[in-house]
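Visitor: Could you take me through one helix of this model up close? I'd like to hear how it sits in its surroundings.

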Amino acid sequence: MSYLKGIVIIIACWVNSVNAENIYDAARDRIIPVEITFPDNIQLCSTKLKCPVAFLSAGYGVSHTKYTFLSKQFNQLGYLVIAIGHELPSDPALSVSGNLFETRSENWNRGAKTLDFLKSSLTKRFNEYDFEKLTLIGHSNGGDISAWLGNQTKSYIQKIITLDHRRVPLPRNSDFQILSIRASDYPADKGVLPTETEQEKYGSCVVNIPKAKHNDITDFGPAWLKDRINVLINSHLNGLPCSELIKA
């Protein structure tokens, strides 16, 4: 019975630390759905010792609330996590034909503007968190959005982590710490991922997970895959070099 009570307490604490809301961008007359989750050790965050922040961008057609396995991992590591819903019912559908880099650029540019707006807006609201050293993490199209913003060389981006994004080239820039975790069922477009030579030059890292499926990188995916991704992220954030991440 005490075990069950413990489970209930843990779930209650998680629910109480989640803040789901809509944030209004007046300049674009746009509603931005977000889910904000706080660090487990929230009492350690202060204006003098700010805690880190991660912006989490969902894959296209997947709710931003369906990546709690990632949010909880970042929260355990002391991060404030902003999970972002980029697509609204009024938005045009993501293109599936033609030159996708060209036809989808409107979506990625819109998403990058959303990330930039949230950074500016939430900095004022959460002054105990460091929005000047942001970690961007995104799955699939959310990873493309993260890479798109990264290519704009914003000074406030510190890390970019993509989960099987496939279209937008990762920045070739040693100012960022870059990790791309890859599934095994779909290849990325040519030039999206840094070569081994470029990884050595810029300090980026690409890690493939055998038997991982692109669409399984959500809360609905198998436990072994979610655990593997979290081990890689944890190891990366704790400074493990790429040569060791590949073995992790």
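Guide: Sure, let's go to H2, where the buried residues are Thr68, Phe69, Leu70, Ser71, Gln73, Phe74 and Asn75. Keep in mind that we're looking at a predicted model. The helix spans residues 68-76 and is mostly covered, with seven of its nine residues buried. Just past the helix comes Gly78, and its phi is positive, near 95 degrees.

Now for a neighbour. Helix H7, residues 223-237, has an axis that comes within 10 Å of the axis of H2, and the two cross at roughly 30 degrees. Angles under 35 degrees count as roughly parallel, so that's the word for how H2 and H7 run relative to each other. As for handedness, H2 passes H7 in a right-handed crossing.

Who does the touching? On the H2 side, Phe69, Leu70, Gln73 and Phe74 make the contact, and those four also appear among the buried residues of the helix. Across from them, H7 puts in Lys226, Ile229, Asn230, Ile233, Asn234 and Leu237. Sort the residues of this contact by character and you get six nonpolar, three polar and one charged. The spacing along the chain is worth a glance too: an α-helix has 3.6 residues a turn, so residues three or four places apart point the same way. With that in mind, look again at Phe69 and Gln73, or Leu70 and Phe74, on the H2 side of the contact.

Key
Residues numbered from 1 in each chain as written. Predicted model: local features only at pLDDT ≥ 70, side-chain atom pairs only at ≥ 80, totals over all residues. Heavy atoms only, no water. Buried < 20%, exposed > 50% of the residue type's maximum accessible area, 1.4 Å probe, protein only. Axes fitted to C-alpha atoms, helices over the stretch in contact; angles between N-to-C directions. Parallel < 35°, antiparallel > 145°, perpendicular 65-115°, else oblique. Left-handed = near helix turned anticlockwise from the far one by under 90°. Contact = heavy atoms within 4.5 Å. Nonpolar A, V, L, I, M, F, W, Y, C, P; charged D, E, K, R; others polar.
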